[in-house]
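Here are some exercises to work through with the model open beside you. Try each task before reading its solution.

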Amino acid sequence: MLPKLSKCISFTASRDWLYRHLFASAGLRSVATDLGEGTTMHCWVPKMHKPCKPSLVLVHGFGANAMWQYGEHIRHFMGHFNVYVPDLVFFGESFTSRPERSESFQAECVVKMMEAHGVHKMSLVGISYGGFVGYRVAAHFPEVVEKIVLCCAGVCLEEVDMENGLFRVSNLDEASSILLPQTPDKLRELMKLSFVRPARGVPTWFLQDFIQVMCTDYIEQKRELLEAILKGRHLSDLPKIQQPTLILWGEQDQIFPLELGHRLKRHIGGNAQMAVIKNAGHAVNLEKAKEFGMHLKAFLIDSNTTKSCPTSQFSAGGNIHF
(Lines give C-alpha, C1' and ligand atoms only; values in the text may rest on other atoms or scores of the structure.)
Protein backbone atom coordinates (compact mmCIF):
# COMPACT_ATOMS: atom_id res chain seq x y z
CA MET A 1 0.00 0.00 0.00
CA LEU A 2 2.77 2.47 0.92
CA PRO A 3 4.50 2.29 -2.47
CA LYS A 4 1.18 3.12 -4.14
CA LEU A 5 0.56 5.91 -1.65
CA SER A 6 4.03 7.31 -2.31
CA LYS A 7 3.04 7.99 -5.92
CA CYS A 8 0.50 10.48 -4.61
CA ILE A 9 2.31 11.77 -1.51
CA SER A 10 6.03 12.56 -1.28
CA PHE A 11 7.21 11.73 2.22
CA THR A 12 10.39 13.73 1.66
CA ALA A 13 8.47 16.80 0.50
CA SER A 14 6.08 16.41 3.43
CA ARG A 15 8.94 16.33 5.91
CA ASP A 16 10.50 19.32 4.19
CA TRP A 17 7.23 21.19 4.63
CA LEU A 18 7.29 20.26 8.33
CA TYR A 19 10.78 21.65 8.74
CA ARG A 20 9.66 24.88 7.10
CA HIS A 21 6.80 25.12 9.56
CA LEU A 22 9.11 24.44 12.51
CA PHE A 23 11.67 27.01 11.38
CA ALA A 24 8.91 29.60 11.02
CA SER A 25 7.49 28.67 14.43
CA ALA A 26 10.95 29.10 15.95
CA GLY A 27 11.04 32.74 14.84
CA LEU A 28 12.73 32.54 11.44
CA ARG A 29 11.53 33.65 8.03
CA SER A 30 12.56 32.62 4.53
CA VAL A 31 14.27 35.39 2.53
CA ALA A 32 15.99 35.40 -0.88
CA THR A 33 18.60 38.15 -1.30
CA ASP A 34 19.76 39.41 -4.69
CA LEU A 35 23.52 39.82 -4.41
CA GLY A 36 23.86 41.21 -7.93
CA GLU A 37 25.73 39.85 -10.95
CA GLY A 38 23.31 36.96 -11.33
CA THR A 39 23.59 35.60 -7.80
CA THR A 40 20.72 35.05 -5.36
CA MET A 41 21.18 33.56 -1.89
CA HIS A 42 18.35 32.21 0.22
CA CYS A 43 18.53 32.26 4.00
CA TRP A 44 16.38 31.65 7.05
CA VAL A 45 16.74 34.89 9.04
CA PRO A 46 15.25 36.14 12.32
CA LYS A 47 11.78 37.62 12.03
CA MET A 48 13.08 40.26 14.41
CA HIS A 49 16.83 40.89 14.69
CA LYS A 50 17.74 41.80 18.28
CA PRO A 51 20.81 44.06 18.51
CA CYS A 52 21.46 42.84 22.06
CA LYS A 53 22.20 39.34 20.75
CA PRO A 54 25.24 38.17 18.78
CA SER A 55 24.66 36.48 15.43
CA LEU A 56 25.21 32.82 14.59
CA VAL A 57 25.40 31.43 11.04
CA LEU A 58 24.79 27.70 10.49
CA VAL A 59 26.26 26.52 7.18
CA HIS A 60 25.23 23.16 5.71
CA GLY A 61 27.15 20.56 3.74
CA PHE A 62 26.19 18.36 0.80
CA GLY A 63 23.14 16.13 1.17
CA ALA A 64 19.72 17.19 2.35
CA ASN A 65 19.08 20.93 2.62
CA ALA A 66 20.07 23.15 5.52
CA MET A 67 16.78 22.68 7.38
CA TRP A 68 17.31 18.92 7.57
CA GLN A 69 20.91 19.32 8.74
CA TYR A 70 20.20 21.83 11.52
CA GLY A 71 16.56 21.13 12.39
CA GLU A 72 17.56 19.27 15.55
CA HIS A 73 19.79 22.10 16.75
CA ILE A 74 18.39 25.59 16.16
CA ARG A 75 16.19 25.44 19.28
CA HIS A 76 19.37 25.42 21.41
CA PHE A 77 20.48 28.77 20.03
CA MET A 78 17.37 30.88 19.36
CA GLY A 79 17.42 32.28 22.90
CA HIS A 80 21.09 33.24 22.70
CA PHE A 81 21.69 34.36 19.13
CA ASN A 82 20.19 35.91 16.07
CA VAL A 83 20.30 32.68 14.03
CA TYR A 84 20.85 32.63 10.26
CA VAL A 85 20.65 29.44 8.18
CA PRO A 86 21.66 30.08 4.54
CA ASP A 87 21.49 27.87 1.47
CA LEU A 88 24.89 27.92 -0.22
CA VAL A 89 24.97 28.64 -3.94
CA PHE A 90 23.45 25.74 -5.96
CA PHE A 91 21.71 24.38 -2.88
CA GLY A 92 18.10 24.96 -1.91
CA GLU A 93 16.92 28.22 -3.42
CA SER A 94 20.36 29.79 -4.00
CA PHE A 95 21.96 30.04 -7.43
CA THR A 96 24.29 32.04 -9.63
CA SER A 97 24.89 32.56 -13.33
CA ARG A 98 28.56 33.31 -12.62
CA PRO A 99 31.21 30.66 -13.39
CA GLU A 100 32.93 30.69 -9.98
CA ARG A 101 32.82 27.39 -8.05
CA SER A 102 35.40 27.87 -5.28
CA GLU A 103 34.64 27.87 -1.57
CA SER A 104 36.09 31.40 -1.56
CA PHE A 105 33.26 32.52 -3.84
CA GLN A 106 30.75 30.81 -1.55
CA ALA A 107 32.33 32.60 1.41
CA GLU A 108 32.06 35.96 -0.35
CA CYS A 109 28.38 35.30 -1.03
CA VAL A 110 27.71 34.43 2.62
CA VAL A 111 29.36 37.65 3.82
CA LYS A 112 27.54 39.77 1.25
CA MET A 113 24.24 38.19 2.20
CA MET A 114 24.86 38.83 5.90
CA GLU A 115 25.85 42.43 5.18
CA ALA A 116 22.58 42.84 3.30
CA HIS A 117 20.84 41.87 6.54
CA GLY A 118 22.92 44.37 8.51
CA VAL A 119 25.17 41.77 10.17
CA HIS A 120 28.91 42.50 10.28
CA LYS A 121 29.98 40.22 13.19
CA MET A 122 29.11 36.57 13.61
CA SER A 123 30.05 33.17 14.91
CA LEU A 124 29.81 30.38 12.39
CA VAL A 125 29.23 26.63 12.33
CA GLY A 126 30.14 24.73 9.16
CA ILE A 127 29.34 21.06 8.57
CA SER A 128 31.47 19.21 5.98
CA TYR A 129 31.44 21.36 2.80
CA GLY A 130 29.99 24.14 4.94
CA GLY A 131 33.21 23.98 6.95
CA PHE A 132 35.26 24.57 3.80
CA VAL A 133 33.18 27.67 3.17
CA GLY A 134 33.25 28.76 6.80
CA TYR A 135 37.03 28.43 6.93
CA ARG A 136 37.34 30.79 3.96
CA VAL A 137 34.97 33.27 5.61
CA ALA A 138 37.24 33.27 8.69
CA ALA A 139 40.42 33.51 6.60
CA HIS A 140 39.33 36.19 4.14
CA PHE A 141 37.10 38.22 6.48
CA PRO A 142 38.83 37.87 9.89
CA GLU A 143 37.13 40.96 11.30
CA VAL A 144 33.72 39.39 10.67
CA VAL A 145 34.09 36.00 12.40
CA GLU A 146 34.31 35.83 16.19
CA LYS A 147 34.25 32.05 16.71
CA ILE A 148 34.05 29.14 14.29
CA VAL A 149 33.12 25.46 14.51
CA LEU A 150 34.40 23.14 11.79
CA CYS A 151 32.57 19.83 11.81
CA CYS A 152 33.94 16.91 9.78
CA ALA A 153 35.34 19.43 7.31
CA GLY A 154 38.31 18.08 5.38
CA VAL A 155 39.75 21.54 4.86
CA CYS A 156 43.31 20.24 5.12
CA LEU A 157 42.97 17.57 2.45
CA GLU A 158 45.35 17.58 -0.50
CA GLU A 159 44.79 16.35 -4.03
CA VAL A 160 47.42 13.67 -3.47
CA ASP A 161 45.42 12.20 -0.57
CA MET A 162 43.02 10.53 -2.99
CA GLU A 163 45.89 9.01 -4.93
CA ASN A 164 47.42 7.79 -1.67
CA GLY A 165 44.27 5.95 -0.63
CA LEU A 166 43.15 8.13 2.28
CA PHE A 167 39.55 8.04 1.07
CA ARG A 168 37.16 5.20 0.34
CA VAL A 169 36.91 6.40 -3.27
CA SER A 170 39.72 6.55 -5.80
CA ASN A 171 38.70 9.44 -8.05
CA LEU A 172 36.38 12.41 -8.43
CA ASP A 173 33.86 10.58 -10.59
CA GLU A 174 33.39 7.90 -7.95
CA ALA A 175 33.09 10.51 -5.21
CA SER A 176 30.52 12.48 -7.19
CA SER A 177 28.40 9.41 -7.88
CA ILE A 178 28.10 8.80 -4.13
CA LEU A 179 27.88 12.36 -2.80
CA LEU A 180 25.38 13.27 -5.52
CA PRO A 181 23.39 10.01 -5.60
CA GLN A 182 21.04 9.48 -8.52
CA THR A 183 20.04 5.87 -7.80
CA PRO A 184 18.80 4.09 -4.66
CA ASP A 185 21.95 1.94 -4.61
CA LYS A 186 24.20 5.01 -4.57
CA LEU A 187 22.11 6.59 -1.83
CA ARG A 188 22.43 3.40 0.23
CA GLU A 189 26.19 3.59 -0.31
CA LEU A 190 26.22 7.19 0.89
CA MET A 191 24.26 6.22 3.99
CA LYS A 192 26.77 3.45 4.77
CA LEU A 193 29.64 5.92 4.49
CA SER A 194 27.89 8.64 6.52
CA PHE A 195 26.59 6.66 9.50
CA VAL A 196 28.16 4.10 11.80
CA ARG A 197 24.77 2.46 12.03
CA PRO A 198 22.85 3.33 8.87
CA ALA A 199 19.15 2.60 8.73
CA ARG A 200 18.45 -0.85 7.33
CA GLY A 201 15.62 -2.04 5.19
CA VAL A 202 14.80 1.37 3.75
CA PRO A 203 12.51 0.64 0.79
CA THR A 204 13.62 1.58 -2.69
CA TRP A 205 10.55 3.74 -3.32
CA PHE A 206 11.44 5.88 -0.28
CA LEU A 207 15.01 6.36 -1.51
CA GLN A 208 13.77 7.26 -4.98
CA ASP A 209 11.44 9.83 -3.46
CA PHE A 210 14.31 11.37 -1.46
CA ILE A 211 16.49 11.55 -4.57
CA GLN A 212 13.73 13.17 -6.60
CA VAL A 213 13.13 15.88 -4.01
CA MET A 214 16.65 16.48 -2.69
CA CYS A 215 19.23 15.33 -5.23
CA THR A 216 18.21 16.34 -8.75
CA ASP A 217 18.89 20.09 -8.89
CA TYR A 218 22.17 21.60 -10.14
CA ILE A 219 23.91 18.22 -10.43
CA GLU A 220 26.63 19.39 -12.82
CA GLN A 221 27.26 22.58 -10.84
CA LYS A 222 27.60 20.62 -7.60
CA ARG A 223 30.04 18.27 -9.28
CA GLU A 224 32.06 21.34 -10.22
CA LEU A 225 31.99 22.45 -6.57
CA LEU A 226 33.48 19.07 -5.58
CA GLU A 227 36.14 19.37 -8.25
CA ALA A 228 37.03 22.87 -7.06
CA ILE A 229 37.79 21.75 -3.49
CA LEU A 230 40.06 18.92 -4.66
CA LYS A 231 41.87 19.96 -7.83
CA GLY A 232 45.34 21.36 -7.19
CA ARG A 233 44.78 21.51 -3.43
CA HIS A 234 47.91 21.77 -1.25
CA LEU A 235 48.05 22.28 2.50
CA SER A 236 50.88 24.78 2.06
CA ASP A 237 48.44 27.09 0.25
CA LEU A 238 45.88 27.07 3.06
CA PRO A 239 45.98 30.24 5.19
CA LYS A 240 45.87 29.87 8.95
CA ILE A 241 42.90 31.32 10.78
CA GLN A 242 43.27 33.16 14.09
CA GLN A 243 39.77 32.95 15.57
CA PRO A 244 38.91 30.60 18.45
CA THR A 245 38.07 27.36 16.67
CA LEU A 246 36.33 24.14 17.64
CA ILE A 247 37.12 21.15 15.43
CA LEU A 248 34.37 18.56 15.85
CA TRP A 249 34.62 15.11 14.27
CA GLY A 250 32.94 11.74 14.21
CA GLU A 251 35.48 9.12 15.27
CA GLN A 252 34.52 6.75 12.45
CA ASP A 253 34.06 9.29 9.65
CA GLN A 254 34.53 7.43 6.35
CA ILE A 255 34.11 10.45 4.08
CA PHE A 256 36.67 12.75 5.68
CA PRO A 257 38.73 10.45 7.93
CA LEU A 258 39.68 11.58 11.43
CA GLU A 259 43.30 12.08 10.34
CA LEU A 260 42.13 15.21 8.52
CA GLY A 261 40.76 16.58 11.77
CA HIS A 262 44.10 16.08 13.52
CA ARG A 263 45.85 17.61 10.51
CA LEU A 264 43.57 20.65 10.76
CA LYS A 265 44.29 21.00 14.48
CA ARG A 266 48.03 20.99 13.81
CA HIS A 267 47.62 23.50 10.99
CA ILE A 268 45.62 26.03 13.02
CA GLY A 269 47.65 25.58 16.18
CA GLY A 270 46.89 26.97 19.61
CA ASN A 271 43.66 28.76 18.68
CA ALA A 272 41.95 25.44 17.98
CA GLN A 273 40.50 22.82 20.28
CA MET A 274 39.29 19.45 19.09
CA ALA A 275 36.50 17.13 20.20
CA VAL A 276 35.97 13.63 18.81
CA ILE A 277 32.56 12.01 19.18
CA LYS A 278 32.73 8.24 19.52
CA ASN A 279 30.50 5.80 17.64
CA ALA A 280 29.72 8.49 15.08
CA GLY A 281 30.46 8.88 11.40
CA HIS A 282 30.42 11.81 9.00
CA ALA A 283 26.79 12.68 9.75
CA VAL A 284 27.60 13.28 13.41
CA ASN A 285 25.09 16.13 13.60
CA LEU A 286 22.33 13.61 12.91
CA GLU A 287 23.74 10.39 14.35
CA LYS A 288 24.81 11.92 17.68
CA ALA A 289 22.65 15.03 17.72
CA LYS A 290 22.64 15.41 21.52
CA GLU A 291 26.43 15.25 21.91
CA PHE A 292 26.91 17.43 18.85
CA GLY A 293 24.61 20.07 20.33
CA MET A 294 26.31 19.92 23.73
CA HIS A 295 29.72 20.63 22.18
CA LEU A 296 28.34 23.54 20.18
CA LYS A 297 26.67 25.10 23.21
CA ALA A 298 29.73 24.70 25.42
CA PHE A 299 31.93 26.42 22.85
CA LEU A 300 29.61 29.11 21.49
CA ILE A 301 27.62 30.24 24.52
CA ASP A 302 29.37 32.11 27.32
CA SER A 303 28.30 34.22 30.28
CA ASN A 304 28.24 37.39 28.20
CA THR A 305 25.94 36.00 25.53
CA THR A 306 22.59 37.84 25.63
CA LYS A 307 23.12 38.92 29.25
CA SER A 308 21.58 42.31 28.43
CA CYS A 309 18.62 40.78 26.57
CA PRO A 310 15.23 40.10 28.16
CA THR A 311 14.21 36.48 28.50
CA SER A 312 13.21 35.05 25.11
CA GLN A 313 10.28 32.76 24.46
CA PHE A 314 12.69 30.74 22.30
CA SER A 315 15.21 30.10 25.07
CA ALA A 316 16.32 26.58 25.90
CA GLY A 317 13.41 26.25 28.30
CA GLY A 318 10.81 27.30 25.74
CA ASN A 319 8.14 25.26 24.05
CA ILE A 320 9.66 24.87 20.60
CA HIS A 321 10.62 21.24 20.00
CA PHE A 322 12.18 19.48 17.02
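**Exercise 1. A loop residue with an unusual phi**

In which loop is the place of Glu37?

Step 1: Look between strand 1 (28-36) and strand 2 (39-46), because that is the loop that holds Glu37, with strands taken as DSSP E runs of at least two residues and helices as H or I runs of at least four, numbered from the N terminus.

Step 2: Check the backbone. Glu37 isn't a glycine, yet it has a positive phi of about 55°.

Step 3: Check accessibility. Glu37 is exposed, at a relative accessible area of 59%; buried means under 20%, exposed over 50%, and partly exposed in between, using a 1.4 Å probe and protein chains only.

Before going on, note that this is a predicted model, where local features need pLDDT of at least 70 and side-chain atom pairs count only at pLDDT 80 or more, while totals for chains, interfaces and linings use all residues. Residues are numbered from 1 along each chain as its sequence is written, and side-chain values use heavy atoms, with hydrogens and water left out.

**Exercise 2. Another positive phi**

Find the loop that holds Tyr218, then say how accessible this residue is.

Step 1: Go to the loop between helix 9 and helix 10, where Tyr218 is found.

Step 2: Read phi. Tyr218 is not a glycine either, and its phi is positive, about 55°.

Step 3: Tyr218 has a relative accessible area of 30%, so it is partly exposed.

**Exercise 3. Helix 8 and its partners**

How do helix 8 and helix 9 cross, and which residues meet?

Step 1: Set up the description. Two packed helices are described by the angle between their axes and the distance between the axes. Here the axes are lines fitted to C-alpha atoms, for helices over the stretch in contact, and angles run from 0 to 180 degrees between N-to-C directions.

Step 2: Take helix 8 (residues 184-194) and helix 9 (residues 204-214). Their axes come within 9 Å and cross at roughly 85°. Helix 8 and helix 9 are therefore roughly perpendicular, a label for angles of 65 to 115 degrees (under 35 is roughly parallel, over 145 roughly antiparallel, the rest oblique).

Step 3: List the contacts, meaning heavy atoms within 4.5 Å. From helix 8, Pro184, Leu187, Arg188 and Met191 meet Thr204, Leu207, Gln208, Phe210 and Ile211 of helix 9. Sorted by class, this contact has 6 nonpolar, 2 polar and 1 charged residues. Ala, Val, Leu, Ile, Met, Phe, Trp, Tyr, Cys and Pro count as nonpolar, Asp, Glu, Lys and Arg as charged, and the others, Gly among them, as polar.

Step 4: Turn to helix 7 (residues 172-179). Its axis is 8 Å from that of helix 8, at an angle of about 95°, so helix 7 and helix 8 are roughly perpendicular to each other. Ser177, Ile178 and Leu179 of helix 7 make the contact with Lys186, Glu189, Leu190 and Leu193 of helix 8. That contact divides into 4 nonpolar, 1 polar and 2 charged residues.

Step 5: Pick out the buried residues of helix 8: Pro184, Leu187, Leu190, Met191, Leu193 and Ser194. They pack against helix 7, helix 9 and helix 12 (284-287).

**Exercise 4. Two cysteines**

How many disulfides does the structure hold?

Step 1: Apply the cut-off, a pair of cysteine sulfur atoms within 2.5 Å. The count is 0.

Step 2: Look at Cys151, which is in no disulfide; its nearest cysteine sulfur, that of Cys152, is 4.0 Å away.

Step 3: Add accessibility. Cys151 is buried, at 0% relative accessible area, and Cys152 counts as buried at 0% too.

**Exercise 5. Two buried loop residues**

Place Arg233 and His73, and list what they touch.

Step 1: Arg233 sits in the loop between helix 10 (219-230) and strand 8 (245-250), and it counts as buried at 9% relative accessibility.

Step 2: Beyond four places in sequence, Arg233 touches Glu103, Phe132, Arg136, Val155, Leu157, Glu158, Glu159 and Leu238. The C-alpha atoms of Arg233 and Glu159 are separated by 5.2 Å, although their positions lie 74 residues apart along the chain.

Step 3: His73 lies in the loop between helix 3 (66-70) and strand 4 (82-86) and is buried, at 1%. Leaving aside neighbours within four places in sequence, His73 is in contact with Asn285, Ala289, Phe292 and Gly293.
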